[in-house]
Amino acid sequence: MGPSHHVRLSGCALSSTQKYKTPLSDLHVDMQVNADLEMSGQFEWMDLDTDENEHSIEMHLPYIAKIMETYKNQFTIVPILVGSLSPEKEAFYGRLLSSYLADPQNLFVISSDFCHWGQRFRYTYYDRSCGNIYQSIEALDRAGMSIIENLNPTEFTNYLKKYGNTICGRHPIGILLQAVQELLRNDSTISANLKFLKYAQSSQCRNVNDSSVSYASAALVFE
């Protein structure tokens, strides 16, 4: 799942292509899962221009091809473009996708970065008690990361409302958190553990003329 950067979506959209080409190998779209999701009546279809212009999903495809190269042509992908969703819609899509998340044969890849800071991003939140601007950005990001690790979608929504942190993939993340909560509600025998593994900034902002984008990676495991 990746956030939509170029088109307005009130829900989610599926890819109408049959495969994605990467420098390593072609990744085939699961047409049956697409058809099943379409039957819900809650998904639109991306046109080819939207699909080709959107980078949030595209950036992950070569990595998927590399990690899965041993299983080349033995797996399929289901690209889902996520629009600007209300918390209620995040919960709806979370419930809808929770059965796929419960299947141990499936892997969910969520595309997001973290804070886009600077005048060119129209976001300059700065808590001077943290030190330099880049330290304030990291503190802000890590506060959000901690909430995500707690798997609490309501707290994450409240955090976004309070700080307005410019996390592009906030809605795909919200869907994932809602899907996890749906699984935990329905099966008391499973537990979920999400941990952030890496955090970085494109540069260290020290004055209002600087800008940066934050990046973080995490892994979710069910036990």
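How many residue pairs are in polar contact across the interface of domain 1 and domain 2? The rule finds 0, counting pairs with both residues at pLDDT 80 or more. This is a predicted model. The chain is assigned two parts: domain 1 covers 2–84, and domain 2 covers 113–222.

**How the domains meet**
- The C-alpha centres of domain 1 and domain 2 lie 24 Å apart.
- On the domain 1 side, 7 residues are in contact with domain 2.
- On the domain 2 side, 5 residues take part in these contacts.
- Together the two domains bury about 390 Å² between them.
- Carbon and sulfur atoms account for 80% of that buried area.

**What the interface is made of**
- Between domain 1 and domain 2, the count of salt bridges is 0.
- The side of domain 1 that touches domain 2 has 3 nonpolar and 4 polar residues.
- No charged residues are found on that side of domain 1.

**Aromatic pairs**
- The structure holds 6 aromatic pairs.
- One of them joins Phe 43 and Tyr 93.
- A pair of aromatic rings is described by the distance of the centres and the angle of the planes.
- For Phe 43 and Tyr 93, the distance is 5.4 Å centre to centre.
- Their planes stand at 75°, and an angle over 60 degrees counts as edge-to-face, so this pair is edge-to-face.
- Phe 43 sits in strand β5 (residues 43–46).
- Tyr 93 belongs to helix α5 (residues 87–102).
- The pair links distant parts of the chain, as its two residues are 50 residues apart.

How values were computed. Residues are numbered from 1 along each chain as its sequence is written. This is a predicted model: local features need pLDDT of at least 70, side-chain atom pairs count only at pLDDT 80 or more; totals for chains, interfaces and linings use all residues. Side-chain values use heavy atoms; hydrogens and water are left out. Domain bounds come from an automatic or database domain assignment. Contact means heavy atoms within 4.5 Å. Buried area is the accessible area (1.4 Å probe) that two parts lose on being put together, summed over both. A salt bridge is a side-chain nitrogen of Lys or Arg within 4 Å of a carboxyl oxygen of Asp or Glu. A polar contact is a pair of N or O atoms within 3.5 Å; within protein, one must be able to donate a hydrogen and the other to accept it, and residues adjacent in sequence count only if both atoms are side-chain atoms. Ala, Val, Leu, Ile, Met, Phe, Trp, Tyr, Cys and Pro count as nonpolar, Asp, Glu, Lys and Arg as charged, and the others, Gly among them, as polar. Rings of Phe, Tyr and Trp (its six-membered ring) pair if their centres lie within 6.5 Å; planes under 30 degrees apart count as stacked, over 60 as edge-to-face and the rest as tilted. Helices (H or I, at least four residues) and strands (E, at least two) are DSSP runs, numbered from the N terminus.
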